[in-house]
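Student: Could you take me through this structure step by step, with the reasoning behind each answer?

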2 protein chains.
Amino acid sequence: MKSFDLLSPHTIAFGDPPKVTAWHSTVGPMEAEGPLGGCFDKTESDPYFGQPSWECAESTLFKNNIINLLDKECLKTSDIDFMTGGDLLNQCTASGFAARDLAIPHIGLYGACSTMAESLLVGSLLVSGGASRVIASACSHFCSAEKQYRYPLEYGSQRTPHSQWTVTGSGAVLLGTIGSPMITHATCGTVIDYGITDQNHMGAAMAPAFADTIKKHLTALNASPKDYSMIFSGDLGKFGKKIAIDLLKADGIDISQNFEDCGCLIYDPNRQDVHAGGSGCGCSASVLAGYILPAMRKGKMDRVLFVATGALLSPLTTQQGESIPSIAHAIEFRTP
Amino acid sequence: MKSFDLLSPHTIAFGDPPKVTAWHSTVGPMEAEGPLGGCFDKTESDPYFGQPSWECAESTLFKNNIINLLDKECLKTSDIDFMTGGDLLNQCTASGFAARDLAIPHIGLYGACSTMAESLLVGSLLVSGGASRVIASACSHFCSAEKQYRYPLEYGSQRTPHSQWTVTGSGAVLLGTIGSPMITHATCGTVIDYGITDQNHMGAAMAPAFADTIKKHLTALNASPKDYSMIFSGDLGKFGKKIAIDLLKADGIDISQNFEDCGCLIYDPNRQDVHAGGSGCGCSASVLAGYILPAMRKGKMDRVLFVATGALLSPLTTQQGESIPSIAHAIEFRTP
């Protein structure tokens with residue numbers, strides 16, 4: 001009655017791979033103006049999403065994106081067995097309050113910007129185990145994240161060159177027994193810390209976790225990067241992306257030919273002042289649901305490794321002088 | 001290859017029930033002086049756990065409790081496939097930093113004080129699906145929780161009669177293919193909100209979520225409260241406990257004869273000034289690992305429903321006038 005095999009500690013091979021039945025992505029005005037603007041299911045011109053606060057806006061974004069996914073599939077909330085997901089707000093209130101209004105049994109997760117991959121991992125455990133339909137989701141909002149992690153927007157504070165721009169966006173994936181692509185494998189990340197203490201240089205902090213998970217995943221599957229159509233990281237940004245390539249090259253793994261970062265794809269550095277690129281758990285979630293999964297469904301890619309990375313710091317741990325522990329979870333998508 | 005059946009939406013019946021192989025609990029000085037003081041595996045007299053801050057203390061508590069569990073079972077961290085767990089700190093840094101030092105593949109969860117039941121739910125999915133050994137864990141610390149959610153201790157602020165005392169404690173459960181009791185069923189909670197806005201009256205906010213999950217679980221199993229040796233709630237406290245009994249009575253379900261709350265068990269209200277009782281995700285975690293599981297192993301109880309409840313608010317949502325959404329997950333333990 002096992003539903004998966006452990007290829008090695010941490011890497012799961014699903015016996016009956018969960019299928020991606022459908023998806024939905026919603027982003028804010030700045031993401032709508034980026035290179036992927038035409039890919040997302042929905043773009044909102046009002047960053048408040050009609051709400052009185054940034055936190056309410058983020059929760060509404062999370063909730064409405066799932067409602068729109070259900071509408072797209074002509075499903076009701078009662079047709080969904082479980083939802084898995086989270087966000088970046090303290091006590092994960094964006095997803096928690098959204099789950100209240102949706103009334104779907106909720107498994108709340110916290111993996112910082114790795115949350116979308118973690119959602120898919122737990123969602124896949126549920127579908128491969130016996131559930132019919134599970135929604136895996138994550139979201140972030142630039143304004144609530146700046147307020148909570150850095151400074152209120154009104155301060156107009158200067159940003160460092162290595163800093164990234166939290167994506168206002170959400171992506172939700174409906175996992176079930178029909179559809180394409182399917183999730184064949186998942187690697188659960190181990191927390192890695194290379195001693196980076198600069199909270200404005202998240203890419204450097206997260207790249208070692210990404211490299212660690214990539215190595216474990218490829219080793220467990222006895223695969224090499226060229227076996228994949230593409231490898232996507234969540235939000236390493238342009239500096240973290242380069243560090244990740246270099247770290248893996250030192251281990252004899254060359255991902256430079258078919259590797260892209262969702263944080264580098266979502267904004268245009270020539271037109272948009274986002275420094276090192278996009279970040280936030282809504283970054284990889286919206287790029288997955290808006291760009292990667294549709295491209296796979298259309299046959300443009302047949303084997304994709306999606307590795308979302310999260311920096312597990314808090315503003316308080318930074319104040320206390322701690323370094324930044326990071327984690328990366330890998331999800332392998334394949335089309336039949 | 002299904003590893004479980006869904007008895008109804010939200011209630012899982014495990015095909016090959018995960019077994020409780022071992023457990024370990026650690027508590028602080030105040031819990032050591034309570035009625036269950038002699039039950040815990042380890043008690044610490046230093047609330048700082050030898051660390052320079054309350055946050056480091058909490059993370060050390062989380063980590064050392066797992067290390068002690070491994071030592072007790074003569075296991076290494078590399079013998080564990082996955083760990084599931086979380087805590088109450090912003091960005092779940094107590095568990096995140098502990099996971100860094102333990103280097104076990106980590107699934108980070110946020111369910112507020114329901115986290116121990118959520119950890120067991122996700123851990124059970126992993127073990128029933130095909131993993132060999134998973135550690136499910138949760139912890140909280142009075143001093144870090146007061147600092148983050150209420151006031152720094154140095155303020156000496158007055159507490160209201162309905163307020164609860166966050167337990168300094170951690171409980172970890174090793175799930176695997178051998179041992180007793182086993183986890184036969186789990187009900188994943190839905191977020192419920194009855195409009196309570198008093199952040200010092202968590203029991204009232206969480207009782208409706210507890211009642212909802214109890215009803216769903218009993219209905220799915222076609223069971224009644226008298227079929228259980230005991231039903232335990234996580235940390236409703238003395239007021240929430242009474243509300244929960246009343247809410248269920250109104251639905252024709254009488255749990256008053258075999259129902260206890262972990263938050264009411266852990267302190268002595270006559271000797272300890274904790275107002276409505278214990279709370280925090282370390283409350284249900286330490287009482288489960290220190291009292292409930294040992295009693296089941298000894299044959300004193302053969303069927304237990306463990307329902308940990310969490311209030312999904314944040315200090316900010318309270319400031320914004322929001323009510324308190326809550327969730328409760330149920331885990332059913334049975335001995336063969």
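The conversation below goes through the model by questions and answers.

Tutor: This is a predicted model, in which local features need pLDDT of at least 70 and side-chain atom pairs count only at pLDDT 80 or more, while totals for chains, interfaces and linings use all residues. Residues are numbered from 1 along each chain as its sequence is written, chains are lettered from A and ligands numbered from 1 in the order in which they are written, and side-chain values use heavy atoms, with hydrogens and water left out.

Student: What kind of axis relates chain A to chain B?

Tutor: Two copies of a chain are related by a rotation about an axis and a shift along it. Superposed by least squares on the C-alpha atoms of residues with pLDDT of at least 70 in both, chain A can be laid on chain B with an RMSD of 0.0 Å by a turn of 180° and a shift of 0.0 Å along the axis. That is the relation of a two-fold axis.

Student: Which residue of chain A has the C-alpha nearest the axis?

Tutor: The distance from the axis is 2.1 Å for this C-alpha, and the residue that carries it is A:L109.

Student: Which strands pair with β2 of chain A?

Tutor: Helices (H or I, at least four residues) and strands (E, at least two) are DSSP runs, numbered from the N terminus, and two strands pair if DSSP finds at least two bridges between them. Strand β1 (residues 4–8) runs antiparallel to β2(A) and is joined to it by 4 bridges, with A:D5 opposite A:A13. Over 3 bridges, β2(A) also pairs in the antiparallel sense with another strand, where A:A13 has A:H185 as its bridge partner. The partners are therefore β1(A) and β10(A).

Student: Are the residues on the two faces of β2 of chain A buried or exposed?

Tutor: Buried means under 20% relative accessible area, exposed over 50%, and partly exposed in between (1.4 Å probe, protein chains only). On one side of the strand (residues 11–14) are A:T11 and A:A13, and on the other A:I12 and A:F14. Both faces are covered, and these residues are all buried.

Student: How many residues has the largest nonpolar core?

Tutor: A nonpolar core is a set of buried Ala, Val, Leu, Ile, Met, Phe, Trp, Tyr and Cys residues joined through side-chain atoms within 4.5 Å. Among those with the most contacts inside the largest core are A:L120 and B:L120. Beyond its neighbours within four places in sequence, A:L120 is in contact (heavy atoms within 4.5 Å) with residues including A:V173, A:F306 and A:F333. The number of residues in this core is 168.

Student: Why can helix α6 of chain B be called largely enclosed?

Tutor: The helix covers residues 202–221, and its expected span, 1.5 Å times one less than its number of residues, is 28 Å, which agrees with the 29 Å between its end C-alpha atoms. It is largely enclosed by the rest of the structure because the number of its 20 residues that are buried is 17.

Student: What is the omega of the peptide bond from A:S180 to A:P181?

Tutor: Most residues other than glycine have a negative phi, and most peptide bonds are trans. A:P181 is found in the loop between β9 (169–176) and β10 (182–187) of chain A. The bond that joins A:S180 to A:P181 is cis, with omega near -5°.
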